[in-house]
Amino acid sequence: MAGQQHTETTDAADELAARLRLLQERSGLGVRALARETGLSSSSLSRYLGGQTVAPWPAVVALCKHTRRDPRPLRPLWERAANPLPAPPKSSRQMHFPPRNDLPRDAPDFTGRADQLAAVLAAVDAHRVVALDGMAGVGKTCLAVHAAHRLAADYPDAQLYADLHGFTEGRDPLDADSALRSLLTALDVPSEKVPREGVEQLAACWRAELARRRAVVVLDNAADAEHVRPLLPGAGPSVVLVTSRNRLVGLDEVPPVSLDVLTPEESAELLARASGEPGAGGRLDREPEAAAEVLRLCGHLPLALRLAAARLRHRPGWTVGILVERMAEGADEFDTAFAMSVRQLDRTQSRFFRLLGLLPGTSFDEYLAAALADVPPRTARAILEDLLDAHLVQQPSAGRYRMHDLVHQHARRASAHQDTPAEQQRAIGRLLDYYVHAAAAADAAMPFLSRGEAPAAGNAPAELPPFADKNAAFAWYAAEYENLIAAFEIALATGADAHACELPRFMRAFFARRCGTTHLNFLFERSLAAAERLGDPRRRAEIHSDLGFARYNAGRMAEAHAEYRAAAELLGDDPWMLAELTLRRAYLTWDEGQVDAPLELFREAGRRYAAADCPAGAAHATAAEAWATLQLGHRDEAARLARETLAVPQADPAWPPALTARITLGVAIAHDHPDEAAEHLHQALELARSDGHKHNEAWCLNCLGVALRRMGRYDEALASHRQAFALLDELFEEHWKIHFLDSYAETCREAGLPQLALELHREALELAPKVGFRQKEALAHEGIAAVLAASDPAAAAEHRAAGEAIVRELGAGV
């Protein structure tokens with residue numbers, strides 16, 4: 001009888017499937033389209049139409065309604081098809097069978113994750129359900145299964161595992177109806193107790209069965225919150241561990257545990273254990289550099305590390321270097337894994353994700369992403385939140401996003417395959433436009449000598465980051481530094497010469513405060529080549545002037561002169577640019593040791609700035625003149641000019657002219673008004689530190705040393721000088737020491753340290769000719785003469801004569 005009933009049921013199921021196929025034909029729709037119209041899963045509908053699964057009665061009704069057919073004639077056929085085989089006699093059940101354990105094998109090389117494992121176990125203890133999320137290959141399943149094995153002894157009634165296939169290549173996710181029936185079967189629930197139809201009824205039956213058992217269940221690869229919600233337990237002791245590549249934000253009651261990549265130490269340990277070479281002396285130990293490259297190429301992802309280790313384990317003849325070569329050849333298994341995460345995105349999100357692959361750096365904000373994709377920042381924020389939930393991007397800090405290297409590579413390859421070259425070129429153009437205009441806006445937010453002109457290159461994006469003050473601008477520059485440099489390289493590589501000309505100019509203030517001088521010279525050299533290709537005299541003049549100033553700051557005086565001459569020939573009658581060039585030439589000639597020429601140039605620069613209606617520039621010139629006047633020994637005049645500068649209204653206390661004026665005033669009045677002098681110098685030092693300008697901080701410390709020496713406080717003075725030189729050592733700016741060596745040596749001599757003073761003067765004597773500071777060379781000779789006057793009069797006379805000769809040369813304009 002059972003066989004006959006089975007045959008009748010099968011025939012009825014085949015006939016029902018044939019009737020449903022007729023309904024599909026009448027609809028004129030494909031399976032996916034019909035599924036959308038009727039609210040069914042496309043995978044389930046496909047099984048119904050193919051006869052693999054008997055359609056639930058509500059599904060039959062939905063298909064009939066869509067095709068305007070009466071479902072009632074199909075009810076008897078559906079009942080025959082849905083009638084299950086009778087349950088075996090209860091007496092045949094073997095109640096002593098061991099409980100069901102479907103858990104996959106625990107990873108024998110499970111490594112690290114101590115904190116995450118503790119978080120999972122704590123969440124299970126407190127809430128009975130936990131959701132593990134993270135990008136493809138990060139080890140979610142491995143951790144969930146490992147935790148389930150740890151919990152098995154406390155949940156002896158069943159250990160179940162179900163792959164929901166939320167991200168499986170080539171198949172639709174497992175629907176709740178199928179998943180619940182499979183899980184109930186695994187619990188050995190009699191078929192007569194399993195509802196014939198309805199996900200809600202099946203879910204209620206599942207919760208009831210879990211409530212009377214102590215079971216641990218792993219639900220792997222959930223597509224989203226709704227996918228897994230019907231499978232969660234109700235009352236009772238059973239526990240469920242869910243994994244997903246998405247953050248299951250819809251499950252408010254379920255605590256999340258998000259996984260990131262392994263630490264470098266954990267990655268190295270896993271690679272060694274998985275490759276079968278955990279001890280010393282193996283291939284990984286013999287080739288440490290290649291092993292480190294394997295870790296980098298794997299991006300510290302456990303799945304990638306295990307795949308790499310498997311290659312090494314099964315190829316004993318390979319070196320680690322060969323493995324690196326194979327891994328670097330191109331796309332691998334991870335493109336398939338990430339493609340499934342991307343497939344859940346809609347068209348707009350998918351395009352947005354692909355374009356992120358064109359970003360040059362590892363970190364970005366919503367404004368850059370918006371400009372790249374040509375969407376409003378509000379839209380970019382919403383899409384980034386979706387990508388964040390899908391673990392296709394990460395958010396290391398508020399407002400900043402990044403992509404794992406392997407995800408970034410996948411996005412780049414996807415863009416190469418799906419976006420046309422023209423689309424990619426337009427996106428790169430928008431990226432370059434964004435960085436030039438954002439850098440210009442950041443530069444304009446700083447209280448430094450800048451025209452505040454809008455860039456001529458490209459089009460401004462719809463919205464730029466807000467720069468409330470210089471601190472916000474500096475923070476942006478620091479966050480975007482690598483991207484800015486990469487954008488400059490892209491501009492050169494793609495022939496965007498206008499962008500390559502302008503970008504370094506808007507980065508000068510940041511470079512002066514956060515970077516050394518070498519890189520800025522390099523940027524302006526290449527920027528000048530771009531300007532020459534454009535054939536724009538004004539741009540060439542600007543960059544010649546900027547490159548000259550970079551050369552000057554690097555101690556390359558002769559080259560600075562050459563660049564300034566080239567700029568002067570191209571400037572024309574632009575009053576602001578002429579004023580800037582005049583001020584820069586004044587700095588250069590002063591440091592070379594001339595006296596009258598630079599003083600006149602400082603005054604001329606002030607007049608030119610005033611004519612250009614730029615009071616800030618005029619204040620710069622006055623402050624510089626005050627400092628030069630102080631070096632000539634005219635303390636009263638220097639103090640007057642410094643106070644004149646400080647009287648100019650300015651919102652930012654660290655405004656450069658005010659900083660120079662405070663330093664000058666502090667040194668000028670140190671002997672007669674020590675308390676006021678110390679106040680000015682300490683205030684300048686704090687401002688330089690808050691401004692983050694290490695060179696200015698060193699300058700303040702050195703000048704504080706000079707002022708303290710004039711007050712007779714030698715120990716404090718020496719300590720201040722030492723701090724200044726320690727800063728220069730940190731900056732690797734040896735040439736800057738020429739500004740401070742003579743004053744430090746003078747303090748040592750007056751403090752009773754003649755040998756140290758002699759060493760410092762000789763260091764200055766060696767360095768000054770290299771950087772073209774003839775005045776400092778003369779001061780070094782004079783300082784050595786003063787130290788040797790008592791012990792070696794002849795040598796002292798020689799040095800004194802050498803110093804006087806240089807002074808005469810400088811006086812003659814040589």
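**Helix α6 and residue E209**

In this predicted model, L117, V120, A123 and V124 are the buried residues of helix α6, where buried means under 20% relative accessible area, exposed over 50% and partly exposed in between, taken with a 1.4 Å probe on protein chains only. Looking down the axis of α6, these buried residues sit within an arc of 125°, so they line one face of the helix; the arc is that of the directions from the helix axis to the C-beta atoms. Turned away from that buried side is a face with the exposed residues A114, D115, D125 and A126.

The buried residues of α6 pack against β2 (129–133), α7 (140–151), β5 (239–244) and β6 (256–258), with contact meaning heavy atoms within 4.5 Å. Helices (H or I, at least four residues) and strands (E, at least two) are DSSP runs, numbered from the N terminus.

As for length, α6 covers residues 114–127, and at 1.5 Å a residue its 14 residues should span 20 Å, which agrees with end C-alpha atoms 20 Å apart. The expected span is 1.5 Å times one less than the number of residues. Right after α6 comes R128, with a positive phi near 70°.

Over in helix α9 (residues 199–211) sits E209, which counts as buried because its relative accessibility is 3%. The E209 side chain makes a polar contact with the side chain of R213, at 2.5 Å. A polar contact is a pair of N or O atoms within 3.5 Å; within protein, one must be able to donate a hydrogen and the other to accept it, and residues adjacent in sequence count only if both atoms are side-chain atoms. Leaving out residues up to four places away in sequence, E209 touches L184, L187, V189 and K193.

Residues are numbered from 1 along each chain as its sequence is written, and side-chain values use heavy atoms, without hydrogens and water. Local features need pLDDT of at least 70 and side-chain atom pairs count only at pLDDT 80 or more, while totals for chains, interfaces and linings use all residues.
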